[in-house]
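Biologist: Hi! Could you walk me through this model?

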Amino acid sequence: MLEKIMVVCKSKWVLGLLVVGVSASAAVAASAAVSGWNGATNMNTVNQVLGQLDGMLTNRENQVKQLKADLKDADATIATLTQQRDAANAKLATAQQDLSAAQQAVTALTSQLNQAKTENVLLC
């Protein structure tokens, strides 16, 4: 039963498309007759427009190629800058560790100096 319904629906859909297609063709033919369709002149105009569109398409394709090349260059620059940033961050981390060690050494030496002063005062 379902198959019969599907066949009927498909046939009505195809019939609808045919009716629309025939109506559109008739409308185009009627319009051409009313407007005084001149095949050669109109084909020249169509060819000119197609030529312009082809030129525009070629121009856009060239722009896309250039943008892709620019994007590739930008990606390479980003990769280089990322490596440089990572190297700078590593140097910074090392410098911070060195600073921390130096600060601890200063604290220890200051403590020893103060202790030596105290002992020196006591000895005098």
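Modeller: Happy to; here are the basics, then the details. This is a predicted model, where local features need pLDDT of at least 70, side-chain atom pairs count only at pLDDT 80 or more, and totals for chains, interfaces and linings use all residues. Residues are numbered from 1 along each chain as its sequence is written, and side-chain values use heavy atoms, with hydrogens and water left out.

Biologist: How many helices and strands does the chain have?

Modeller: There are 2 helices and 0 strands, taken as DSSP runs (helices H or I, at least four residues; strands E, at least two) numbered from the N terminus.

Biologist: What percentage of the residues count as buried?

Modeller: Of 124 residues, 0% do; buried means under 20% relative accessible area, exposed over 50%, and partly exposed in between (1.4 Å probe, protein chains only).

Biologist: Which residues meet in a salt bridge?

Modeller: Arg85 and Asp86, at 3.0 Å, N to O. The rule asks for a side-chain nitrogen of Lys or Arg within 4 Å of a carboxyl oxygen of Asp or Glu, and the count comes to 1.

Biologist: Are those two buried or partly exposed?

Modeller: Both are partly exposed: Arg85 has 47% relative accessibility and Asp86 has 40%.

Biologist: Switching topic, what is the average pLDDT?

Modeller: It averages 80, and 68% of the residues score at least 70; pLDDT is the predictor's confidence in each residue, from 0 to 100. Over residues 12-24 it is below 50, and that stretch has 0 contacts beyond near neighbours in sequence, a contact being heavy atoms within 4.5 Å.

Biologist: Good to know, thanks!
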